[in-house]
Amino acid sequence: MAARAGVSAMTVSNVINRAGRASPATVAAVRAAVEELGYVPNVVARRLARARATTVGVLYAGERTPFLDAILVGALRATNARGLQLVLYHEEQLSLDAAEGAVLSLARSGADALLLVPPFAELLCDSAVLAELALPVAAIATDQVAPGMSTVRIDNRAAMADLTALVVARGYRRIALVAGRRDYSVSAARIAGFQDALAAHGLPSEAGLIVEGGFDVASGEAAARRLLARDVRPDAIMCSCDDMAAGVIAEAHRRGLRLPHDLAVTGFDDTMVAARMWPSLTTVYQPAEEMAFRATEQLIGAGDGDLVANDLIVAHTIVERESTASLRAVIT
């Protein structure tokens, strides 16, 4: 792409490749030119000439967790079966600019297909940079269907509604929720499912009983401190992931609460920690490894850079363990 008047070729290259520095006005001007001219970096254009994807890039954020490990194993199973490569990219900054920079880095590293782990599907759904690259893209474990992306997910709203109905059936009535980060689409879906089930059973949904967490143990502990300090504390705390549930259980133990007699706790995902904590955790089984495997298979099968964008919803399962025993059973 030829440099525009007043903008050097080096500056254009720096903006496109996220290298060096440029003023906001210059960045805007170069991006406008990129969009107008339909420019695709040569390194990616050459890669698009291949018939099939040979290297799948996985973009993820946050700490390594059992849930993330399951996704990586699923993607690795699919690439290993075909003798292909898997390239991982960890990006801690959850912004559009950082996400686009990560995508370009993956492309420069040889990735000719992309697997997005939450929340990158949400961040990149309207990305001009991603559209310019024209690579096959699949999103795993999101709740947002994005144009041009294939998605593999569960019905998060239905799953949380099913789990909440179980908690109500066990006799719990003052039920709190530790939701996930609001920039993850699954968080809103799970809040909606929680509220659906409460309404279906004639129970109120109090704003003060829904607390945002960060999908980690520490945020679960912080949410539990806040909820358990209330004048009338909840008799059940549901969590949007197993790690946050582990934090809630740890804080409940510190306060000397008997679980599930004084407090029931649930998680989400059914990672390996769910069956190993005490009491063992009632949760939703989300088949993360299989979802990642199927999403990666779709990427590998995409020819000439094209991916038939579809939304595959796989089945979830409610797994009941000791953390939600019937109130009647624990009282007698």
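The expected span of a helix is 1.5 Å times one less than its number of residues; helices (H or I, at least four residues) and strands (E, at least two) are DSSP runs, numbered from the N terminus. For the 17 residues of helix H4 (residues 66-82) this gives 24 Å, and the end C-alpha atoms are 25 Å apart, which agrees. The model is predicted: local features need pLDDT of at least 70 and side-chain atom pairs count only at pLDDT 80 or more, while totals for chains, interfaces and linings use all residues. Residues are numbered from 1 along each chain as its sequence is written, and side-chain values use heavy atoms, with hydrogens and water left out.

**Helix H4**

- Phe67, Leu68, Ile71, Leu72, Gly74, Ala75, Ala78 and Thr79 are the buried residues of H4, where buried means under 20% relative accessible area, exposed over 50% and partly exposed in between (1.4 Å probe, protein chains only).
- They cover an arc of only 155° around the axis, which puts them on the same side of H4; the arc is that of the directions from the helix axis to the C-beta atoms.
- An α-helix has 3.6 residues a turn, so residues three or four places apart point the same way.
- Asn80 and Ala81, on the other side of H4, are exposed.
- The cover over the buried residues of H4 includes strand E1 (55-60), strand E2 (85-90), strand E3 (113-116), strand E4 (137-140) and H12, with contact meaning heavy atoms within 4.5 Å.
- Gly83, just after H4, takes a positive phi of about 70°.

**Nonpolar cores**

- A nonpolar core is a set of buried Ala, Val, Leu, Ile, Met, Phe, Trp, Tyr and Cys residues joined through side-chain atoms within 4.5 Å.
- The largest one has 44 residues, of which Leu115, Ile140, Ile175, Phe194 and Met238 touch the most other members.
- Helix H12 (residues 288-301) gives the most to this core, with seven residues.
- Apart from this core lies another, of 26 residues, including Val178, Ala252, Leu259 and Met277.
- Not counting residues up to four places away in sequence, Leu115 touches ten-membered company that includes Val56, Leu59, Ala75, Ile140 and Leu299.

**Helix H5**

- The 13 residues of helix H5 (residues 96-108) should span 18 Å at 1.5 Å a residue, and the end C-alpha atoms are 18 Å apart, which agrees.
- H5 is mostly covered, with 10 of its 13 residues buried.
- Gly110 follows H5 and has a positive phi, near 110°.

**Rings and charges**

- A search of the whole structure finds one aromatic pair.
- The rings of Tyr184 and Phe215 have centres 4.9 Å apart and planes at 45°, so the pair is tilted; rings of Phe, Tyr and Trp (its six-membered ring) pair if their centres lie within 6.5 Å, and planes under 30 degrees apart count as stacked, over 60 as edge-to-face and the rest as tilted.
- Tyr184 and Phe215 are both buried.
- Arg77 lies over the face of Phe293, at 4.2 Å from the ring centre; a charge sits over a ring if NZ of Lys or CZ of Arg is within 6 Å of the ring centre and within 35 degrees of the ring normal.
- The charged end of Arg190 sits over the ring of Phe268, 3.7 Å from its centre.

**Backbone exceptions**

- Most residues other than glycine have a negative phi, and most peptide bonds are trans.
- The Pro118 to Pro119 peptide bond is cis, with omega near 5°.
- The Trp278 to Pro279 peptide bond is cis, with omega near -5°.
- Ala141, not a glycine, has a positive phi of about 60°.
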